[in-house]
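Here's a quick look at how two helices pack and how two chains sit together. Pull up the model and follow along.

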There are 2 protein chains.
Amino acid sequence: MMYFTCGPTQLYPTVNDHIKYALTNDILSISHRDMQFMQIYERLENNLKQIFKLPSDFHVFFLSSSLEAMEKIIQNCVNKYSFHFVNGDFSKKFYTTALELQKIAKKIEVAPGHGFKNIAKIKIPRKVELICFTHNETSTGVETKFRDIYKIKKIYPDKLIAVDIVSSAPNPIIDFSKIDLAFFSVQKGFGLPSGLSILFANQKAIDESIYLQKNGINIGSHHNFPSLLQKSIKFQTPETPNVLNFYLLQKVTEDMMKKGIDRIRKETEQKSKIIYNYFYKHKQFKPFVINKDWQSKTTIAINTGNETKKIIKRLRKNKIIVSNGYGQFRNMQIRIANFPVHTLIGVKKLLNLI
Amino acid sequence: MMYFTCGPTQLYPTVNDHIKYALTNDILSISHRDMQFMQIYERLENNLKQIFKLPSDFHVFFLSSSLEAMEKIIQNCVNKYSFHFVNGDFSKKFYTTALELQKIAKKIEVAPGHGFKNIAKIKIPRKVELICFTHNETSTGVETKFRDIYKIKKIYPDKLIAVDIVSSAPNPIIDFSKIDLAFFSVQKGFGLPSGLSILFANQKAIDESIYLQKNGINIGSHHNFPSLLQKSIKFQTPETPNVLNFYLLQKVTEDMMKKGIDRIRKETEQKSKIIYNYFYKHKQFKPFVINKDWQSKTTIAINTGNETKKIIKRLRKNKIIVSNGYGQFRNMQIRIANFPVHTLIGVKKLLNLI
């Protein structure tokens, strides 16, 4: 089978061998407090810093899922007010997370398939402490360009900016001097088994959590920023973590760096063009997102209407799995993932079957 | 190598083959919203209900670590007051978790290596909502007998009782009608890779979280009990979980049930007797825990004093890894795990080398 699903997805081709190596060499039995684990942690951290070109004031934290990352960001960076750009189910989840944590969360919301027009004109209340973006809204395949996110940072330089890059990393080239937090999970762009999430947070975000804690605000206990920082300095985590995924991500980031991240990004661009061009010309099935500026490069939603089930069945017969539409679009769209693991040959085979 | 470490530990012997099957059959690429995952979830839940003989009012939740379980229990079951039986670093962690979450946490604390005498005489303040026990204190190898925990429940039937069974499950036979919550991680007694934790919570505990939520108490967002319950009914988790570990735990619980949980428990008893008897007779090295009622069956601490490093080195040369003492005992104790994965032959080999 070849999984073109939006995550979990096809495993990166080297994962199989890395798991077998881990089994043979007892990596799943080592202590998370011992040197061998700390070396894996340190190498992984360095790889991520290189791939994402993280400035020196950024810290790398390891969590279990992106939903957990949303919770920890809100708890540690917001006393009262957050603001959310909502254009689908995952950006809405960030917003409802803030509400559940009893923050005063405000949002601007646009219809599914849409992005944010004239973003610089959107008014964000003065008291807002944290602004939350979803770079790639997996539910609808809508991208919010980083240049638009930077515009907001320029207008509101004192507010923290958090960006969900769950289903786009490592594709976007990000100027981290213009955002404060970003997070993703490994079962998407990195082609790993699920169960590990990465959070980048700069010193300003950490300082905010320390400030809140000192002022008696509840920033949570497990995985609050000060506790993550304290352990990360020693290349450890507060809890016994998912050691297998630490090892696999260390190895797969190395494999990707050997291939070249720029080359991987170019291939992603190229494959996405081929996919969109194919559906532009298709008589029946068109991309859900019409505005080209908003079209996701990595999770592409196609209107397939009444044919949806039939297409999914035909692809499956030919050993290709794609994702259904999300939520309300379940029976009228397919979503095609375009991650580093997906080859040009695979994409062409998929398109030929539609 | 043979890992007699207190977790992560030696993998259960069937894990290797189960991982290879998972790789060959794309189990790491399936969607956590699809039938195939839901079937794994349902089977796993049923296995756990059988192994632990859970009453019908208990729910099974899946978290990422036992530290996360501590946080979620405090958040969802305590408005203001918790009480903690502290006799080592992990029971203390449960206590400090409550403090970090801004609860009024009270404790009774005894010295390392000690348990709680005349437990029925310990006064617990009237306002306390949740009482927290650590059945097996991994840091020192001290067990708190369930018969003592039941005594507390009998005296305080209205208060919730949570029990950390992290490093003893599945060994203790638990009368779940006399406790309300219990949790453990899979990298100890179940011999799995780390990154998954199991929480049993009864309806009374869930009702408490719903009551707190309705009354405007912050019970967290990610993995709060109502959200876990809502998804668990559909055999799903709120987030993309550690699918590999769900699959492995489903398979390993089946392997254990085939062997017989009672037989596994008998072997655990037998091995622990052999280990303690060996050190009773040893001229130099004695069990750290003197009171037999308090001696852990599953993580056994031995005073090895100045010889500690030498013993660990000699064992390692002979392909056996044991744990250091924990915290302040790092350089003066070894800890020997006695989990289902550890064979009688392995135990004898270990002891002969000391």
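## Helix packing in chain B

H3(B) and H4(B) sit oblique to each other (that is, outside the bins under 35 degrees, over 145 and 65 to 115), because their axes cross at roughly 45°. Those axes, lines fitted to C-alpha atoms over the stretch in contact, with angles from 0 to 180 degrees between N-to-C directions, come within 9 Å. The helices span residues 66–77 and 89–100 of chain B; helices are DSSP runs (H or I, at least four residues). The crossing is right-handed, with the near helix turned clockwise from the far one by less than a right angle.

On the H3(B) side, B:Leu67, B:Met70, B:Glu71 and B:Ile74 make the contact (C-beta atoms, placed from the backbone, within 7 Å). H4(B) answers with B:Lys93, B:Phe94, B:Thr97 and B:Ala98.

This is a predicted model, where local features need pLDDT of at least 70 and side-chain atom pairs need 80 or more, while totals for chains, interfaces and linings use all residues. Residues are numbered from 1 along each chain as written, with chains lettered from A and ligands numbered from 1 in written order.

## How the chains pair up

Turn chain A by 180°, shift it 0.0 Å along the axis, and it lands on chain B with an RMSD of 0.0 Å (least squares on C-alpha atoms with pLDDT of at least 70 in both). The two copies are thus related as by a two-fold rotation axis. In chain A, the C-alpha of A:Ser64 is nearest that axis, at 3.3 Å.

The contact takes 43 residues from chain A and 42 from chain B. Helices H1, H3, H4 and H8 of chain A each give two or more residues to its side.

How values were computed
Contact = placed C-beta atoms within 7 Å.
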